[in-house]
Amino acid sequence: DFWSLLCLRGFAGKTRVFSESLLQNISETMGNSSCASSELEACRDESAARVLKFVAIASILLAGVAGIAIPLVGKHRRFLRTDGSLFVAAKAFAAGVILATGFVHMLPGGSDALNNPCLPEYPWAKFPFSTFFAMIASLVTLLVDFVGTQYYESKQGIAKPIEEQVRVGSEDSGLESGIVPVPVKEIKVFGEEESGGMHIVGMHAHAAHHRHSHPQEQGACVNHVREQSHGHGSGHGHSHGLGDGDDEESGVRHVVVSQVLELGIVSHSVIIGLSLGVSQSPCTIRPLIAALSFHQFFEGFALGGCISQAQFKTSSAAIMACFFAMTTPAGIGIGTAIASFYNPYSTGALIAEGILDSLSAGILIYMALVDLIAADFLSKRMSCNFRLQIVSYFMLFLGAGLMSLLAIWA
């Protein structure tokens, strides 16, 4: 009995010591001096920060509304039409902005949050969680992209000419080599399908252009330019393939792209707005106002272009536009309301911010590379217009460079 009592006392003592140690670790984690609390106090001014937050809400809201409204309102104007060269060049700039947002802003932000010294060393310092979550987000986006496209196509009853004409080793084609059968001889860009879309990573990243059936690539480019200059009419004595099926298939593609892109943008806009809202440092808020306004404008332009090309109903397009424009200002408002008791360096806040930033980075990188850049830059429209190629590549690198440069201040 004495031995049992001694063992129980020893066990109780060890339990008490473990509990005290655990509570001490938690308290040290929540209030660790390495969590930059002194750095926040160095430029802390709640009244000035509150004024700057209202300025940020107005500026970011106006930038988002202007960015997403230009392609939606201007699609009926000649110089802002979604099939015009000016729109393609501006969209390339916006794609560069989104790509840099994912690589330079969101992914390092997620890595910093998940490797913050306020978090326990195990497991956060033992595994590269930020890049892992970004990879998972990219793969899930690919799956959603594919399944969403298939769903909308089956819902609208769009015939799949590729399934009928493009069959490797099909008996109907009579080809044993597995080459894609085409009605006439035509030089095709690697990966290009008859519909003019590009087969990228096993799925259809359709470019916004028309089908052509010409004997040579040079002739196809000549007729492509001729078709652009004469509008969307026919009258050449042979078909350009501008059928309802192709328009519907391209529209379905843009429906999925616009919805997935908005999901990626909105998910990180909430975190951005919340981070600005909880800050009480004017030194932090001032550079964020200009950076986020610039960022919001061109993200809105890219999203508005996808919505415009998807040909949503006016009410649906307006809802998507308002949802995008209001997300970051709403995040700032929520952050301002909870700033008095919200600790951005708490364990839960850091984990949530790091995971959401990493997921957003994966989504934005995938959407920028596959559905924005590849779909336009690998299209026949781009390959047939050397001047448009030069301008678009310049705008792409300019957008990515300027957005990367903003990482110095924000």
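What is the mean pLDDT of the protein, and what percentage of its residues reach 70 or more? The mean is 75, and 66% of the residues reach 70 or more, where pLDDT is the predictor's confidence in each residue, from 0 to 100. This is a predicted model, in which local features need pLDDT of at least 70 and side-chain atom pairs count only at pLDDT 80 or more, while totals for chains, interfaces and linings use all residues. Residues are numbered from 1 along each chain as its sequence is written, and side-chain values use heavy atoms, with hydrogens and water left out.

Select helix α14 (residues 386-405), which has the highest mean pLDDT among the elements, 93, and then strand β1 (residues 198-200), which has the lowest, 43; helices (H or I, at least four residues) and strands (E, at least two) are DSSP runs, numbered from the N terminus.

Next, select residues 162-179, where pLDDT stays under 50. Where pLDDT is low, the predicted coordinates should not be read in detail.

Now turn to the largest nonpolar core, a set of buried (under 20% relative accessible area, 1.4 Å probe, protein chains only) Ala, Val, Leu, Ile, Met, Phe, Trp, Tyr and Cys residues joined through side-chain atoms within 4.5 Å. Of its 54 residues, those touching the most other members include Ile-68, Ile-98 and Phe-312, and the largest share, twelve residues, comes from α4. Centre on Ile-98: beyond residues up to four places away in sequence, Ile-98 touches Leu-261, Glu-299, Ala-302, Leu-364, Ala-368 and Leu-372, a contact being heavy atoms within 4.5 Å.

Finally, select Cys-283 in helix α10, whose C-alpha is 9.3 Å from that of Asp-45, although the two are 238 residues apart in sequence.

Terms used:
Buried < 20%, exposed > 50% of the residue type's maximum accessible area, 1.4 Å probe, protein only.
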